[in-house]
Amino acid sequence: MIGMLAFSKAGHDKQAVYMITGEEAEYVYVSDGKRRPIENPKRKNKKHIQLVKKGFDTSVGERIKSGLPVRNEEIKKVIKDFMCKEDADV
């Protein structure tokens, strides 16, 4: 799941879009590059997120999986591009 985008389904950040930057048994670590930078990701229960399966650039996610450095600006851009595309589809 690392590198995928996800919507938050529960919590004070409901409906926020994040990129998954880490994974454990029951939890994922998510970052949006703004309030939650990649250096300090938010821990969320897997039950409280909904994955986005299509419509976003996966190159940043591939770099996270490989352990290469990723900047917060890159995560923000992927999320912004996804949101713009979603707005255009509606």
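**Burial and contacts in a predicted model**

Modeller: If neighbours within four places in sequence are set aside, Ser31 touches Tyr18, Met19, Thr21, Arg36, Pro37, Ile38, Asn72, Ile75 and Ile79. The model is a predicted one, and Ser31 belongs to its strand S3.

Colleague: What makes each of those residues a contact of Ser31?

Modeller: Residues count as being in contact when heavy atoms lie within 4.5 Å, and on that test the list for Ser31 includes Tyr18, Arg36 and Asn72.

Colleague: Why is Ser31 called buried?

Modeller: The word is used for a relative accessible area under 20%; Ser31 has 0%, and therefore it is called buried. As for its distance from one residue of the chain, the C-alpha atoms of Ser31 and Lys85 are separated by 20 Å, with their positions 54 residues apart along the chain.

Colleague: What makes Phe82 a buried residue, and where is it found?

Modeller: Phe82 sits in helix H2, and its relative accessible area is 2%, which is to be set against a limit of under 20% for burial; Phe82 is therefore counted as buried.

Colleague: Which residues does Phe82 contact, leaving aside its neighbours within four places in sequence?

Modeller: Phe82 is in contact with Leu5, Phe7, Val17, Val52, Lys54, Gly55 and Phe56. For one of these, Leu5, the separation in sequence is 77 residues, while the C-alpha to C-alpha distance is 9.0 Å.

Colleague: Why is Lys80, by contrast, called exposed?

Modeller: Lys80 also lies in helix H2, but exposure asks for a relative accessible area over 50%, and Lys80 has 55%, so it counts as exposed. Its C-alpha atom is 9.8 Å from that of Phe56, which is 24 residues away along the chain.

Colleague: And why is Asn40 given the label partly exposed?

Modeller: That label covers the range between the limits of 20% and 50%, and Asn40, at 46% relative accessibility, therefore receives it. Asn40 is placed in the loop between strand S3 (27-31) and strand S4 (42-45), and its C-alpha atom lies 9.0 Å from that of Val30, 10 residues apart along the chain.

Colleague: What makes the phi of Gln15 worth a remark?

Modeller: Phi of Gln15 is near 75°, a positive value, and the residue is not a glycine. Gln15 is located in the loop between strand S1 (5-8) and S2, and at 54% relative accessibility, set against a limit of over 50%, Gln15 counts as exposed. A positive phi is also taken by Gly67, just after H1, at about 85°.

Colleague: How do you know that the buried residues of H1 line one face of the helix?

Modeller: Helix H1 spans residues 59-66, and Val60, Gly61 and Ile64 are its buried residues. Viewed down the axis of H1, these buried residues fall within an arc of 100°, so they line one face. An α-helix has 3.6 residues a turn, so residues three or four places apart point the same way. The cover over the buried residues of H1 includes strand S2 (17-23) and helix H2 (72-89), while the face turned away from the buried side carries the exposed residues Lys65 and Ser66.

Colleague: Why can the chain as a whole be said to agree with a compact globule?

Modeller: For 90 residues, a compact globule would have a radius of gyration near 12 Å, and the chain has 12 Å, so the two agree. Along its principal axes, the C-alpha trace spans about 35 × 30 × 20 Å, and 37% of the 90 residues count as buried.

Colleague: What elements make up the chain, and in what order do they run?

Modeller: There are two helices and five strands, which follow the order β-β-β-β-β-α-α from the N terminus on. Of the contacts between residues at least 6 apart in sequence, 48% join residues at least 24 apart.

Colleague: What does the chain expose, and how many charged side chains of each sign does it have?

Modeller: The chain exposes about 5700 Å², of which carbon and sulfur atoms supply 50%. There are 19 positive and 14 negative side chains, and the centres of the two sets are 4 Å apart.

Terms used. Residues are numbered from 1 along each chain as its sequence is written. This is a predicted model: local features need pLDDT of at least 70, side-chain atom pairs count only at pLDDT 80 or more; totals for chains, interfaces and linings use all residues. Side-chain values use heavy atoms; hydrogens and water are left out. Helices (H or I, at least four residues) and strands (E, at least two) are DSSP runs, numbered from the N terminus. The radius of gyration is taken over C-alpha atoms; the globule rule is 2.2 Å times the number of residues to the power 0.38. Buried means under 20% relative accessible area, exposed over 50%, partly exposed in between (1.4 Å probe, protein chains only). Accessible areas come from the Shrake-Rupley method with a 1.4 Å probe; for residues, only the protein chains shown count as cover. Lys and Arg count as positive and Asp and Glu as negative; His and the chain ends are not counted. The place of a charge is taken as NZ of Lys, CZ of Arg, CG of Asp or CD of Glu. The arc is that of the directions from the helix axis to the C-beta atoms.
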